[in-house]
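This briefing is written for a reader who is meeting the structure for the first time. Please keep the sequence and the model in view while reading.

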Amino acid sequence: MRVLALAWLVSIGAACTAQPYSARRTGDVVRLEDVASQTVVSIAPSVGNNAFEMKVKGQNVLRWPYESVDAFKAAPRLSGIPFLGPWANRLDEQAFYANGRRYAFDMDLGNVRGAIPIHGFLATTNLWQVVELKADGKAAWVTSRLEFFRQPQWMKQFPFAHTIQITYRLADGVLQVATRIENLSAEPMPLAIGFHPYFQLTDSPRDEWRLSVGARTEWVLASNKIPTGETRPIEQLFPNPNDIALTNYDLDHVFGDLVRDASGRAVMTMAGKRQRIQVEMGPHYRAAVIYAPRATAASNDAFVCFEPMAGITNALNLAHKGLYRELQSIRPGQTWQESFWVRPTGF
């Protein structure tokens, strides 16, 4: 009996001292774990510093159509939570404007492509460096840094020396994605970065999903998906923005004048039978794109992208034309910081 009692005490002691959070790196993958909520976030620093899995009780809330990290590295494309920089989404020409000057891209370098350059050129870079990986009794987190200014081919296309730091922090089942950008240039640096997260629900098909969009206006798009400069009330697209039947829409739309809660966050949600994903965007994310194309019967590849953006699509060039007045910039030697949060429930 004494042996059994001792074993019981040891097991109870081990349970009491078990860490609620962990952060570890194995090869190319960093994993953050929250034991209480049964949530594990996996990040690939060597593939764009992309958080490619957020599993809640074994269900991945992020769309990631790969069998392995090696397959992802071999042929990466947008999935998970990719970072888009130095601009997000589309530009209307092979150039951008900053501080009253036009900067033309060198198309021979190959890192900018197309008549309408899209998504910058950082989404899959392998140059992120992990600078902190920790866990304590309140959270698990990893911080990685990208020194943009060290890459001549990047600076040729976007000649503003800067660094980017992203921290993924998991606490109470919620993932915070915090971004910090420092301008090392002698001139103000225009800011047009964003993220392109892909979310999915596993308890119901796409045609049963419902959305809520915390925005007041929609930016009218031309046929090439570039904003014209005109806006309209969101109710002209969604009669009830708080309850949208996704089955009625094929979305690739730009929204502004975001609705803020008491903490300054704009909230977008998608919901299935029980599952729900809420995305909260801090006040320096001034716009959001929602991308939710109809899935084909053959692929059944259903997802919704709630994209936090510092400015609307083509913000750099529309600001130069006087059609966009919310373009942010970072003064020399200063930093810009903002977060968004992913909050799954019902899993």
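The points below cover aromatic contacts, charges over rings, pockets, the cavity and a sheet.

The structure is a predicted model. It holds 27 aromatic pairs, and its largest pocket has a volume of about 330 Å³. An open sheet of 9 strands with antiparallel pairing is also described.

**Aromatic pairs**

- A pair of aromatic rings is described by the distance of the centres and the angle of the planes.
- Among the 27 aromatic pairs is that of F199 and F306, which is tilted because the ring planes stand at 40 degrees, with the centres 6.4 Å apart.
- F199 belongs to the loop between strand 14 (194-195) and strand 15 (210-213), while F306 is in strand 23 (residues 305-309), so this pair ties together parts that are 107 residues apart in sequence.
- F199 is buried, at a relative accessible area of 0%, and F306 also counts as buried, at 0% relative accessibility.
- The rings of F238 and F255 form a stacked pair, because their planes are at 25 degrees, and their centres are 5.9 Å apart.
- F238 is found in the loop between strand 17 (227-233) and strand 18 (244-245), and F255 in strand 19 (residues 251-258), so the pair ties together parts that are 17 residues apart in sequence.
- F238 is buried, with a relative accessible area of 1%, and F255 counts as buried at 0% relative accessibility.
- A cluster linked by ring pairs is made up of W87, F96, Y103, F105, F121, F148, W154, F158 and F160.

**Charges over rings**

- The charged end of R169 sits over the ring of W141, at 4.7 Å from the ring's centre.
- R265 lies over the face of W341, 3.4 Å from the ring centre.

**Pockets**

- The largest pocket, of about 330 Å³, is lined by 16 residues, of which N111, R113, I118, G120 and F121 are the closest to its centre.
- F121 therefore appears in two settings, as a member of the ring cluster and as a residue of this lining.
- By class, the lining of the largest pocket has 9 nonpolar, 5 polar and 2 charged residues.
- The second largest pocket has a volume of about 150 Å³.
- Its lining has 15 residues, and N89, R90, H119, H196 and D252 lie nearest the centre.
- Strand 19 and strand 22 (287-292) are the elements that give two or more residues to the lining of the second largest pocket.
- The lining of the second largest pocket divides into 7 nonpolar, 4 polar and 4 charged residues.

**Cavity**

- The count comes to 1 cavity of 30 Å³ or more, and the largest cavity holds about 30 Å³ of space.
- Residues W87, A88, R90, L91, A192, I312, T313, N314, A315 and L316 line the largest cavity.
- This lining comprises 7 nonpolar, 2 polar and 1 charged residues.

**Sheet**

- Strands of a sheet pair through backbone hydrogen bonds, either parallel or antiparallel.
- The open sheet of 9 strands follows the order 9-10-11-12-25-21-20-15-18, and the pairing is antiparallel.
- Strand 9 (129-135) and strand 18 stand at the edges with a single partner strand each, so one side of each has no neighbour in the sheet.
- Within this order, strand 21 (residues 276-281) and strand 25 (residues 335-345) pair in the antiparallel sense over 6 bridges.
- M281 has F340, in strand 25, as its bridge partner.

Key:
Residues numbered from 1 in each chain as written. Predicted model: local features only at pLDDT ≥ 70, side-chain atom pairs only at ≥ 80, totals over all residues. Heavy atoms only, no water. Phe/Tyr/Trp six-rings, centres within 6.5 Å; stacked < 30°, edge-to-face > 60°. Helix = DSSP H or I, 4+ residues; strand = E, 2+ residues; numbered from the N terminus. Buried < 20%, exposed > 50% of the residue type's maximum accessible area, 1.4 Å probe, protein only. Lys NZ or Arg CZ within 6 Å of the ring centre and 35° of its normal. 1 Å grid on protein atoms, 1.4 Å probe; cavity = no way out; pocket = protein on both sides within 12 Å on 5 of 7 lines; lining within 4 Å. Points joined across faces, edges and corners; volume = space filled by probe spheres on them. Nonpolar A, V, L, I, M, F, W, Y, C, P; charged D, E, K, R; others polar. Pairing = 2+ DSSP bridges.
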